[in-house]
Amino acid sequence: MVLLKNGLTGWHVLGAMVAFFGVIFAVNGFMTYQALSTFSGIETPNAYQVGRDFNQTLEAAEAQRARGWQVTFDEKFVAMPDGTQARVVVTVADAAGSAISGLDGTLTFWRPVVQGKDVVAVLTPFTDGTYVAEAVLPARGTWDMRLSLEASTDMRADADTTPYYLEKRVFAGGPS
């Protein structure tokens with residue numbers, strides 16, 4: 001134990017307290033700056049309006065469920081050194097189980113916590129009711145996948161033109 005020449009004075013205690021809390025405030029300030037400068041947490045720039053329109057979103061989801069479409073995914077992800085090669089086969093059938101052809105659609109991949117890395121893949125018809133999308137994802141890990149389908153331009157006169165949306169969380173790639 002170090003003994004002070006004149007003993008422990010009030011100035012020594014004050015200096016120790018200021019130094020202690022100074023380090024705490026400096027570290028908290030640095031951590032706050034890092035947290036706010038790396039990701040704002042805002043994924044939707046007009047979140048207030050989206051919240052106000054939530055009842056329309058619920059109604060659209062109910063109308064989509066009433067269609068009775070059966071949509072299945074068959075995903076294949078191959079790890080690459082700089083990301084993941086994704087191939088997704090989407091099968092679409094109506095309530096009776098009949099294949100639905102003549103749809104245009106996209107698959108959008110986005111990272112839940114990284115903004116600006118979205119990848120959009122266009123669905124191409126493969127067989128009746130089956131569509132394929134391929135994309136290169138810039139990183140392995142957890143991705144959200146959003147399917148968007150609507151009647152193609154030559155079918156719109158006869159078909160329901162309401163878009164169909166479906167979201168799914170996937171794990172793309174692996175440790176190797």
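Partly exposed, as used here, covers residues between the buried class, under 20% relative accessible area, and the exposed class, over 50%. With a relative accessible area of 38%, Phe 21 therefore falls in that partly exposed class. Keep in mind that this is a predicted model. What follows is a quick tour of its charged, aromatic and polar side chains, with the salt bridges up front: the count comes to five.

**Salt bridge within a helix**

- Arg 65 pairs up with Glu 62 in a salt bridge, and their closest N and O atoms sit 3.0 Å apart.
- Both residues belong to helix H3, which runs over residues 54-67, and a spacing of three residues puts about one helical turn between them.
- Arg 65 is the exposed partner, at 57% relative accessible area, while Glu 62 comes out as partly exposed at 45%.

**Salt bridges that reach across the chain**

- Glu 75 and Lys 168 bring their side chains together in a salt bridge, with an N to O distance of 2.5 Å.
- That pair ties together distant parts of the chain: Glu 75 sits in strand S1 (residues 70-80) and Lys 168 in strand S8 (residues 164-172), 93 residues apart.
- Glu 75 is partly exposed at 24% relative accessibility, and Lys 168 is also partly exposed, at 31%.
- Strand S8 also carries Arg 169, whose salt bridge with Asp 144 has its closest N and O atoms 2.7 Å apart.
- Here too the link joins distant parts of the chain, since Asp 144 belongs to strand S7 (residues 141-151), 25 residues away from Arg 169.
- The two ends of this bridge fall into opposite classes: Arg 169 is exposed at 52% relative accessibility, but Asp 144 is buried at 12%.

**A buried arginine without a salt bridge**

- Arg 111 sits in the loop that runs between strand S3 (103-110) and strand S4 (119-122).
- Although Arg 111 is buried, no salt bridge goes with it.
- How far away is the nearest side chain of opposite charge? It belongs to Asp 144, 8.8 Å from Arg 111, and the cut-off for a salt bridge is 4 Å, so this pair does not qualify.
- What the side chain of Arg 111 does reach is the backbone oxygen of Thr 142, at 3.0 Å.
- Setting aside neighbours within four places in sequence, Arg 111 is in contact with Ala 139, Arg 140, Gly 141, Thr 142 and Trp 143.

**Aromatic rings**

- Searching the whole structure turns up two aromatic pairs.
- One of them is Phe 20 with Phe 21, an edge-to-face arrangement with 5.0 Å from centre to centre and 80 degrees between the planes.
- Trp 69 has a charged companion as well: Arg 67 lies over the face of its ring, 4.6 Å from the ring centre.

**A histidine contact in helix H1**

- His 12 is part of helix H1, which covers residues 10-38.
- The side chain of His 12 makes a polar contact with the side chain of Thr 9, at 2.8 Å.
- His 12 is partly exposed, with 37% relative accessible area.

Note on methods:
Residues numbered from 1 in each chain as written. Predicted model: local features only at pLDDT ≥ 70, side-chain atom pairs only at ≥ 80, totals over all residues. Heavy atoms only, no water. Helix = DSSP H or I, 4+ residues; strand = E, 2+ residues; numbered from the N terminus. Buried < 20%, exposed > 50% of the residue type's maximum accessible area, 1.4 Å probe, protein only. Phe/Tyr/Trp six-rings, centres within 6.5 Å; stacked < 30°, edge-to-face > 60°. Lys NZ or Arg CZ within 6 Å of the ring centre and 35° of its normal. Lys, Arg positive; Asp, Glu negative; His and termini not counted. Polar contact = N/O pair within 3.5 Å; in protein donor to acceptor, adjacent residues only side chain to side chain. Contact = heavy atoms within 4.5 Å.
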